[in-house]
Amino acid sequence: MKIVFDKQELLDAIAPTLGTVSTKNTIASIEGIHMETVTPEKEGDPNVRFTTFDMNKGTRVYAHAVEIIEPGSVIIQASRLVPIIKVLSDGEITIAVDEKQNATVSSGRASFSIASLPGKDFPALPDLLSRYRIFELDGGLLRDLLGRVIHSVAETDNRPMLCGAFLRIHADRLEVVSCDSYTLSRCTAACEIKDSGDMSAIDFSCIIPGHGLAELCHLLPSAEGTRVTVRTTLKYIIFCLGSVTYFCRLMDCEYIDYERIIPHDQDIFVTVDRARLSAALERANLIAEEKIQGSAKSYVKVVLDGEELCISATTVNGKVYEELPIAHEGGDLEIAFNSRYLFNSVRVTTGERLALAFKGSTQSVIIRPKEPDEKRDFFYMVLPVRVNGK
C-alpha cells in the first residue's frame, strides 16, 4: 500500500477518531487506526477511510488522498502515527507499507519506519448503514441537551443504567435524563424530527453509556440548526455527521422510573437571580472543596431567612459567607448540599431567574426556570447532605 496525503487534511481526518482508540492495551488491533482505500461512488468522493473502535464505541471518517499509488488496508498504532505526522514538514506526506508490514511515513527528506498490522485483523463493526430506525434531527440542540445533563451520569453504581444518559425521541421533542443517585437532571426541547417511517409513530428511547457521551458531545456540531442523521440497531446507536460517523454500543437495560422519585409536595418556594446564585456557589466551592488530611469537606450550607438566601462553607483553613436577595414564600430553612453537586446543577441552567422548591432539610431541592419556555425546559433535583447528625 502506498498513499500520498496533504498533511493538514490527514490530521483533520485522524483527529475525530482519536477519542475511540483503545487505551487498555489488551488487543493490539484496536490500539491503532485502521486506514484503507475505498472506491469512490462518483468522481470527487473521498477515497480513503479511517476507523477506530475500542469494542464499545468507534469513529469512521472519510477523506481525500492526493494520490493512491497502491491501494490497500493497514492498522497503525495511533500513539505512534499521530506524533510523527505532527512533526513532519507541511505539504505532502506519504504512507507506504511493504509485504513485511513495515510502515514508512515520510515527507521531504525525513522518514519514519514503524511496525503495523494487516487491515484484516481489525474487528468487525456493526452495520453502520442500518435502516432499522433512522431519524434526522438538530445535532447542535442534542449536544446542548446532553451537555446540561452529563454531570449527573454516575461513574460507578450498582444499578448500571445510572452510568448512562436516557435519550427519548418522541413526536417532535427530545428528552435527555441522567441520575447518579444524588442528582437528577432532565432537559427537554422541541425539535423538528424526520423519521424514515410514520411520523406519528415516533417514540424511541435508549440509554447511551457515560463513556460514550463526552466523545459524542465533542463530535456533534456546536451550532444549532445543523442536521445530523441518527441510525439505530438493536445494540448500537449511530450518528452520521457529514464525513464523520460515530457509533456507540447501547446499554441493554431499562432506565429507572424517574417520574416516580420526583417530589411534588414542596411548600417552600424561592426565586433567585441565576447568575448571582451560580457565582456565589462557585466562590463557596473554593473553601468547601479544600482537601484536609486527605479528605474533602465538600458541603455548603444554605439558609433561607426572610428575603435573603445565605450561602456559607467552613473548613479549618477558612470560611466563606454570602447573602443573596430572593423572593421567598413559606417558612425559613437551613439545609446543606454537596457543593459540587449543587454548583454543577445550577451552572448549566439558563434564563435570568431560577425557581427553587424545598420541603425540609432532608428532602431534595427542585431547580427549574422561573419563566417557563414551551420550546425548552430543564429540571434538576439535588439531594441534601446530613451535617452534624441533622
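The exercises below, each with a worked solution, concern a predicted model.

**Exercise 1.** Determine which residues of helix H1 (residues 7-14) are buried, how they are arranged around the helix axis, and what covers them.

*Solution.* Begin with the list of buried residues in helix H1, which consists of Lys7, Leu10, Leu11, Ala13 and Ile14. Looking down the axis of H1, one finds these buried residues within an arc of 165°, so they line one face of the helix. The general background is that an α-helix has 3.6 residues a turn, so residues three or four places apart point the same way. Next, turn to the surroundings: the elements that cover the buried residues of H1 include strand S1 (2-6), strand S2 (32-37), strand S3 (48-53), strand S4 (57-63), helix H2 (78-87) and strand S7 (92-97). Finally, inspect the start of H1, where a side-chain oxygen of aspartate 6 comes to within 3.2 Å of the backbone nitrogen of glutamine 8.

**Exercise 2.** Carry out the analysis for helix H2, and name the exposed residues on the face turned away from its buried side.

*Solution.* The buried residues in H2 are Ala78, Leu81, Val82, Ile84 and Ile85. Around the axis they cover an arc of only 165°, which puts them on the same side of H2. The face turned away from this buried side carries Ser79, Lys86 and Val87, which are exposed. As for the covering elements, those over the buried residues of H2 include H1, S2, strand S6 (73-77), S7, strand S8 (102-107) and strand S9 (110-115).

**Exercise 3.** Describe the open sheet of nine strands, giving the strand order, the edges and the twist.

*Solution.* Write down the order first: S16-S12-S13-S14-S30-S29-S28-S20-S26, with antiparallel pairing. At the edges stand strand S16 (203-209) and strand S26 (327-329), each having a single partner strand, so one side of each is left without a neighbour in the sheet. From one strand to the next, the twist averages 15°. Within this order, strand S20 (residues 268-273) and strand S28 (residues 353-358) run antiparallel and are joined by six bridges, and valine 272 has leucine 354 in S28 as its bridge partner.

**Exercise 4.** Work out how strand S30 (376-382) is paired, how far it is covered, and which helices lie over the sheet around it.

*Solution.* Take the pairings one at a time. S30 pairs with S14 in the antiparallel sense over seven bridges, and threonine 183 stands opposite valine 382 in S30. With S29 the pairing is again antiparallel, over three bridges; isoleucine 366 has methionine 381 in S30 as its bridge partner, and a hairpin of six residues joins S29 to S30. The burial count follows: six of the seven residues of S30 are buried, and the strand is thus mostly covered. Helix H3 (residues 139-147) lies across strand S12 (164-170), strand S13 (173-179), strand S14 (183-190) and S30, running at about 25° to S13. Helix H6 (residues 339-347) also packs on the sheet, where it touches S14, S28, strand S29 (365-369) and S30, and its direction makes about 175° with that of S30.

**Exercise 5.** Decide whether leucine 333 is buried or exposed, and list its contacts beyond its neighbours within four places in sequence.

*Solution.* Leucine 333 is found in strand S27 (residues 333-338). Its relative accessible area is 11%, and because buried means under 20%, leucine 333 counts as buried. With neighbours within four places in sequence left aside, leucine 333 is in contact with Ile268, Val302, Val303, Leu304, Phe358, Gly360 and Ser361.

Key. Residues numbered from 1 in each chain as written. Predicted model: local features only at pLDDT ≥ 70, side-chain atom pairs only at ≥ 80, totals over all residues. Heavy atoms only, no water. Buried < 20%, exposed > 50% of the residue type's maximum accessible area, 1.4 Å probe, protein only. Helix = DSSP H or I, 4+ residues; strand = E, 2+ residues; numbered from the N terminus. Arc of directions from axis to C-beta. Contact = heavy atoms within 4.5 Å. Polar contact = N/O pair within 3.5 Å; in protein donor to acceptor, adjacent residues only side chain to side chain. Pairing = 2+ DSSP bridges. Axes fitted to C-alpha atoms, helices over the stretch in contact; angles between N-to-C directions.
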